[in-house]
Amino acid sequence: MVLALAVGLLLYSVRSARDVGGGEAGGTGWWAVVIVAHLPLVAILALLVGGLVERLGYFRYGRRPVRPGRLPALLPTVCVQLPMFNEHAVARRVITAACALTWPTDRLTVQVLDDSTDADTRALVEGICAELRTATGVKCTVLHRADRQGYKAGALEAGRGRTDAEFLAILDADFVPPPDYLLRAMPHFYLADGRPDDGLALVQAQWGHLNHDESALTQAQSLWVDDHHTLQMSWRSARWRFVNFTGTAGVWRASAIEATGGWRAASLVEDCELSFRSLFAGYRTTFVKEIVVPAELPATYTAYKAQQRRWTQGWVQLQRLHLGTLVFRFQCSWVRRIHLLYHMCTAWRWPAWLLWITLLPFLIVHDLWFGVFGTAVGVGVYLLPTALCGVVAATVASLETRHTYPGRRTPSILARRVGRIVPHLVINAGMLPHQFSAFCEGLFGSLYGEFERTPKAATVMASTGMPAGVETRRSTTARRYDVKVHWPYVLAEACFVALHLAWAAFFAVQGLILCALGAVVMAACVLAVAYFYGDHAGKVCFFVDESAAAARLRAAIRKLPIERSCTRS
């Protein structure tokens with residue numbers, strides 16, 4: 001439908017060639033058409049304002065350190081759950097780190113919930129657990145399921161039924177908790193006098209990074225994580241006593257999970273779905289930015305797209321499940337309800353942006369935009385709000401992540417961190433048609449979709465705090481698993497690129513050079529991200545060898561006339 005609308009607008013504009021306008025600029029009819037046509041932009045600005053409230057509100061509500069309570073004399077029992085699927089590269093690292101957590105061994109168990117279909121990985125996991133049981137004395141068990149029913153949620157629920165621990169600490173396979181993780185997280189479940197705070201269901205820690213400087217992709221992701229966790233989640237936790245579980249680096253009260261119905265696989269964001277059910281049941285959740293759990297960011301675009309598709313699709317599924325409860329049945333103040341609606345519906349930014357980007361060229365051609373009042377007005381309305389919010393988020397996140405990056409913060413380091421906004425914006429623009437497709441699949445597809453894992457490469461090994469005598473080498477040489485390519489998503493990207501190149505050509509013919517440049521930039525962003533399809537397997541453009549392509553590019557650059565002239569001089 002959106003594609004048909006976009007093509008129709010383009011063909012109509014080509015045919016009319018600006019002879020048909022929307023009436024005299026500033027007239028009543030003109031304003032009526034412009035206001036209706038700008039509704040997608042209004043939705044975008046509303047979401048930007050919501051984000052700005054959280055980021056600036058952080059200084060009032062979220063910046064203050066979260067004070068823990070006092071642990072009781074008899075420490076509670078904790079079960080560390082490690083859900084994984086074919087994680088040959090990172091299995092040893094995360095299991096070893098879990099067994100190295102500082103907690104009495106008679107009060108600690110580690111469950112490796114291994115749904116691997118790869119026999120070598122299953123054998124590897126069994127061997128690692130046996131090795132660590134001997135080396136550490138920690139009860140480290142493995143659960144292999146006959147099928148992956150319920151995917152990650154099913155594995156967590158199966159593991160929950162096999163432990164009577166009071167608390168469940170959940171870690172994805174790409175995370176490496178520091179040894180004092182439990183010592184710092186568990187006191188938050190208790191009051192200052194050591195009594196349990198039974199109303200608190202979850203303590204969520206800050207995500208750190210093992211490979212944030214590896215590439216432009218990991219730099220962009222690290223900025224998003226720093227912004228979302230340090231600023232947004234800190235504010236939500238302090239202001240409303242609610243954050244969603246991020247699927248990892250969190251400790252749940254086992255009785256709270258039981259009281260809210262356990263893990264369910266109805267949504268691909270089973271973590272967030274359980275969080276909202278706990279909210280509706282009257283529990284609180286908290287975020288502690290001072291506790292940082294490092295993780296490996298997806299190092300390939302193919303892995304990143306798989307992750308983002310699952311998250312966007314899952315959040316829309318979550319709305320289908322619980323939006324009605326939040327709007328009509330959950331009892332809270334109207335201010336809190338508005339924020340929770342913003343929280344739950346943030347994925348609507350993708351259709352809002354796509355619809356706006358589709359409409360804007362048509363509006364420009366027919367003088368139905370604010371640029372008719374001058375370039376300064378057009379820049380102020382269409383570019384300044386997004387740029388301002390991006391700069392504010394990048395600057396504040398870079399300044400406030402002292403716990404994530406504990407070293408010295410020199411002006412040059414801060415400048416580089418703020419500069420992450422550039423790849424962040426480019427990659428987000430390039431992901432627009434992909435994420436819109438994921439949104440549509442979440443809205444119209446099945447609730448019980450396939451949980452596609454994010455491929456992990458173990459490009460960084462962490463050894464700090466590992467028990468003596470236990471190896472911290474990478475679990476294996478490079479092993480590649482297939483990643484599903486969703487061809488309707490690729491088609492959407494191709495159509496988006498073709499449409500904007502057509503608009504660029506049309507604008508160029510009409511003499512609107514800046515508009516043509518904007519359309520080319522949008523197409524280039526999508527092409528730049530799509531170029532890396534297959535990079536998880538060392539390919540680009542699906543099947544071209546990445547190293548060979550890089551070598552050919554370097555050879556072509558060396559042959560450029562400017563290169564030869566510089567050499568002569």
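This passage walks through a predicted model of a protein chain, from its overall make-up to its cavities and a few of its helices and residues.

The broad picture comes first. The protein chain contains 22 helices and nine strands. It has 569 residues, and 54% of them count as buried. Contacts can also be sorted by how far apart the partners sit in sequence. Among contacts between residues at least 6 apart, 81% join residues at least 24 apart. On the outside, the chain exposes about 24,800 Å², with carbon and sulfur atoms supplying 63% of that area.

The inside of the model also holds some empty space. A search of the whole structure finds three cavities of 30 Å³ or more, and the largest has a volume of about 110 Å³. Its lining draws on several parts of the sequence, including Thr 302, Lys 305 and Ala 306, then His 434 and Glu 452, and later Val 483, Tyr 489, Val 490 and Tyr 533. Two helices, helix 11 (301-329) and helix 19 (487-509), each supply at least two residues of this lining. Helix 11 gives the most, with three residues. By class, the lining of the largest cavity divides into six nonpolar, three polar and three charged residues.

The second largest cavity has a volume of about 40 Å³. Gly 150, Tyr 151 and Ala 153 are among the residues that line it, as are Ala 265, Ser 267, Leu 268 and Glu 270, together with Gly 449 and Phe 451. Here the classes come to five nonpolar, three polar and one charged.

Helix 19, met above at the largest cavity, deserves a closer look. It has 23 residues and reaches 33 Å from its first C-alpha to its last, close to the 33 Å expected at 1.5 Å a residue. Its buried residues are Tyr 489, Val 490, Glu 493, Phe 496, Val 497, Leu 499, His 500, Trp 503, Ala 504, Phe 506 and Phe 507. A general point helps in reading such a list: an α-helix has 3.6 residues a turn, so residues three or four places apart point the same way. Two of the buried residues, Tyr 489 and Val 490, also appear in the lining of the largest cavity. After the helix comes Gly 511, whose phi is positive, near 85 degrees.

Helix 12 (residues 334-344) offers another list of buried residues: Arg 336, Arg 337, His 339, Leu 340, Tyr 342, His 343 and Met 344. What covers these residues includes helix 3 (39-62), helix 8 (216-240), helix 10 (270-280) and helix 11. Helix 11 thus has a part in this cover as well as in the lining of the largest cavity.

Two single residues complete the picture. Cys 99 lies in helix 4 (residues 91-99) and is buried because its relative accessible area is 4%, under the 20% cut-off. Leaving aside residues up to four places away in sequence, Cys 99 touches Val 110, Leu 132, Thr 136, Val 138 and Cys 140. One of these partners, Val 110, is eleven residues from Cys 99 along the chain, and their C-alpha atoms are separated by 7.0 Å. Val 540, in turn, lies in strand 8 (residues 539-540). With a relative accessibility of 1%, Val 540 also counts as buried. The C-alpha atoms of Val 540 and Ala 530 are separated by 8.7 Å, and the two residues are ten apart along the chain.

Key:
Residues are numbered from 1 along each chain as its sequence is written. This is a predicted model: local features need pLDDT of at least 70, side-chain atom pairs count only at pLDDT 80 or more; totals for chains, interfaces and linings use all residues. Side-chain values use heavy atoms; hydrogens and water are left out. Helices (H or I, at least four residues) and strands (E, at least two) are DSSP runs, numbered from the N terminus. Buried means under 20% relative accessible area, exposed over 50%, partly exposed in between (1.4 Å probe, protein chains only). Contact means heavy atoms within 4.5 Å. Accessible areas come from the Shrake-Rupley method with a 1.4 Å probe; for residues, only the protein chains shown count as cover. On a 1 Å grid over the protein atoms alone, a cavity is a set of points where a 1.4 Å probe fits but cannot get out, and a pocket is an open set with protein on both sides within 12 Å along at least five of seven lines; lining residues have an atom within 4 Å of a point. Grid points are joined across faces, edges and corners, and a volume is the space filled by probe spheres set on the points. Ala, Val, Leu, Ile, Met, Phe, Trp, Tyr, Cys and Pro count as nonpolar, Asp, Glu, Lys and Arg as charged, and the others, Gly among them, as polar. The expected span of a helix is 1.5 Å times one less than its number of residues.
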